[in-house]
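Dear colleague,

I am passing on the structure we spoke about, together with a short account of what was found in it. Please have the sequence and the model open side by side as you read.

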Amino acid sequence: MALPSVPLPLFEPMCVAIIAITLAMMARLRPWKALLADYTALAVAGWIGEHTCVTWYEHYGYAPIWHGRLGAVPVMVPLIWPLVIMSARDVVRSIAPHAGRWTPVLVGGLVVFDASLVEVIAVRAGLWGWAEPGHLGVPVLGIIGWGFFAALAHLALERPLAQRPFALVLALVGTHLLILAGWWGCFRWVIRGDHGDASLVGLAVLSLGALVGGLYAVRAGGALPLAIGAPRMAAAALFFALLVKVAPDDVRLWVHVACVAIPYLVVTALTGTRSPAGLPRATGPSR
């Protein structure tokens, strides 16, 4: 399949706009200093993680249509992914503030859901590609890998500010170890090749589980503030537009999008706009 030269006009400027909007909305819930410290740390760690994965494993690579690169990674990528992780942390702390030790798992799981949506549409649009097939052109481990990093990055960001650089280094090391363990312990030997419709059935089951869990969280009193939900909707809308542009008739892709979107849309619709108790306020002292 020939890759489109420009899958969506102004895609990268739109990404920049969403980054700015998301940071501005996040600043309503925490001090700018703390926000930018976390964002910068995750951007650096995200670039290191991406660059090492691309160059060490040669399992995926980015298309030449991106503008501006640092090594093997387009600059835009490490500017976007910190917000995916930070947004997931905010969502989990909002709707499940009492998750306790399960919080990293929930953060990682939510990022896996988010990454699955981004991955399948971006691969279909030719923004990047994988060396192996899998679920709609994306190996399962390629999606889960971002969940590994998100869960470990969450733990790193929970450390005191002075300890976070070292903690993020450990998160990167841990991510590589989990990816290698996943590959050599499972995915190299099983679940390879094009999964066909079987993976959509599995995704539908996971989607139902996410919906049930989300409804339970809402019933327990969790709420998703507009400052957290709105930027996620804007980002989802961008990829929805990309999907309409590059694959309007791809039924399997649309089924995937529905499985990912329905739990989030239902939970968002059922929650209020009050500020969650688990997040620091922008008027409080910076960490």
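A good place to begin is Glu58, the residue that follows helix H2 and has a positive phi, near 50 degrees. Please bear in mind throughout that this is a predicted model. Helix H2 itself covers residues 32-57, and because each residue should contribute 1.5 Å, its 26 residues should span 38 Å; the C-alpha atoms at its ends are 36 Å apart, which agrees with that expectation.

Turning to the chain as a whole, there are nine helices and four strands, and from the N terminus on these elements follow the order α-α-β-β-β-α-α-β-α-α-α-α-α.

As for overall dimensions, the C-alpha trace spans about 50 × 40 × 40 Å along its principal axes. The radius of gyration of the chain is 18 Å, and since a compact globule of 287 residues would have a value near 19 Å, the two agree.

Inside the chain, buried residues account for 51% of the 287 residues. Of the contacts with a separation of 6 or more, 77% are made by residues that lie 24 or more positions apart.

On the outside, the chain exposes about 13700 Å², of which carbon and sulfur atoms supply 72%. The chain also carries 19 positive and 13 negative charges, and the mean positions of these two groups are 13 Å apart.

With best wishes

Note on methods:
Residues are numbered from 1 along each chain as its sequence is written. This is a predicted model: local features need pLDDT of at least 70, side-chain atom pairs count only at pLDDT 80 or more; totals for chains, interfaces and linings use all residues. Side-chain values use heavy atoms; hydrogens and water are left out. Helices (H or I, at least four residues) and strands (E, at least two) are DSSP runs, numbered from the N terminus. The radius of gyration is taken over C-alpha atoms; the globule rule is 2.2 Å times the number of residues to the power 0.38. Buried means under 20% relative accessible area, exposed over 50%, partly exposed in between (1.4 Å probe, protein chains only). Contact means heavy atoms within 4.5 Å. Accessible areas come from the Shrake-Rupley method with a 1.4 Å probe; for residues, only the protein chains shown count as cover. Lys and Arg count as positive and Asp and Glu as negative; His and the chain ends are not counted. The place of a charge is taken as NZ of Lys, CZ of Arg, CG of Asp or CD of Glu. The expected span of a helix is 1.5 Å times one less than its number of residues.
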